[in-house]
Amino acid sequence: MTNTSSSNKRKISDYKGYDYKKDFWDSGTREYENLCEHKTIQKILTKLKPTSITDIGCGFGRLYPTYSQFGTSWILLDYAHHLLKQASESNLKPNTTLISGSFYDIPIAKETTDCVLSIRTMHHMIDPERFFQEAWKILNYNGHLIVEIPNKRHIKNIIKTLPKLFTNPSLFFDLFSDKRLKLNDSFYNFNPTSIIKLLKKNNFKIEKTINTSFFRSAFLKKRINPQKLTQLDMIGQSFFSWIFLTPSVYVICKK
Ligand SMILES: C[S@@+](CC[C@H](N)C(=O)[O-])C[C@H]1O[C@@H](n2cnc3c(N)ncnc32)[C@H](O)[C@@H]1O
């Protein structure tokens, strides 16, 4: 899927040559996840009402149509030039700036934005703390960071690991440890509790957590339409935000 470049310890997942939109989102199997993420962001931003929004690791601008309904200026940053080009070819509003760069070294001035949004990017962060420090730098005082955590201790993983509990107990306990779960050379999942600890260590105040993608299952997605699943997800989000059992957990925190 992605190549990993750079020899330093903060490896960058370079999407060069990967048609992320066509191969991942247009495959016809992720309409539920896509709809759910748009609705979740809409719900969060309706409450926060930011004036300026920065999407870090924006890809081809998949979520732009939703967050550009809020505020008056937008910055889209990504490492992959071809994805930024794709974003630039969509219908962008006048106060939109596209920037090429890395989330480890964000080329944006201090205290520039009210809201930093980063969705599906933590998969590629070997050093999330560095990103949190960079997000802190560009956020205005009282600004918000919205970050999506790919959860390694979601219910399916727990169930899958249970039978191995007797032969290899460390596998099960790893799910709850601070260690990231390495899925391949450039793809990680995390324990949300550890990430929340790291955000607090970097002075962020945690305002809310949201569990989402309750129904990320091929069986359910084949049988129930994405709109219905998204409605059910929204209900789930209201009741189960405190236990991190879904594959995707959003954290909303304040500078
Ligand atoms: C899974 S995609 C998510 C894209 C978008 N946020 C979305 O939800 O559609 C991950 C994105 O992170 C970008 N990325 C990976 N490493 C990066 C880095 N070090 N700095 C900036 N962007 C990076 C990739 O180019 C890709 O666009």
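**Helix packing, sheet and ligand shell in a predicted model**

The crossing of H2 and H10 is right-handed, a crossing being right-handed if the near helix is turned clockwise from the far one by less than a right angle, and left-handed if anticlockwise. Helices (H or I, at least four residues) and strands (E, at least two) are DSSP runs, numbered from the N terminus. The structure is a predicted model, in which local features need pLDDT of at least 70, side-chain atom pairs count only at pLDDT 80 or more, and totals for chains, interfaces and linings use all residues. Residues are numbered from 1 along each chain as its sequence is written.

Helix H2 spans residues 31-48 and helix H10 residues 226-239; their axes come within 9 Å and cross at roughly 45 degrees. Axes are lines fitted to C-alpha atoms, for helices over the stretch in contact, and angles run from 0 to 180 degrees between N-to-C directions. The crossing angle therefore makes H2 oblique to H10; angles under 35 degrees count as roughly parallel, over 145 as roughly antiparallel, 65 to 115 as roughly perpendicular and the rest as oblique. From H2, Glu31, Tyr32, Leu35, Cys36 and Lys39 meet Pro226, Gln227, Leu229, Thr230, Asp233 and Met234 of H10, where contact requires C-beta atoms, placed from the backbone, within 7 Å. This contact of H2 with H10 contains 6 nonpolar, 2 polar and 3 charged residues. In this classification, Ala, Val, Leu, Ile, Met, Phe, Trp, Tyr, Cys and Pro are nonpolar, Asp, Glu, Lys and Arg are charged, and the others, Gly among them, are polar.

An open sheet of 7 strands follows the order S5-S4-S3-S6-S7-S11-S10, with mixed pairing; two strands pair if DSSP finds at least two bridges between them. At the edges are S5 (96-100) and S10 (205-212), each pairing on one side only. From one strand to the next, the twist averages 15 degrees. H2 packs on this sheet, touching S6 (113-118), S7 (139-150), S10 and S11 (248-254), and its direction makes about 155 degrees with that of S10. Strand S4 (residues 73-78) pairs with S5 in the parallel sense over 5 bridges.

Helix H8 (residues 192-201) lies across S7, S10 and S11, running at about 15 degrees to S11. The axes of H8 and helix H5 (residues 128-138) come within 10 Å and cross at roughly 40 degrees, which means that H5 is oblique to H8. Pro128, Glu129 and Phe132 of H5 make the contact with Ile195, Leu198 and Leu199 of H8. By class, the contact of H5 with H8 has 5 nonpolar, no polar and 1 charged residues.

The ligand is surrounded by 19 residues, the closest being Gly57, Gly59, Arg62, Tyr79 and Ala80.

Methods:
Contact = placed C-beta atoms within 7 Å. Near = placed C-beta within 6 Å.
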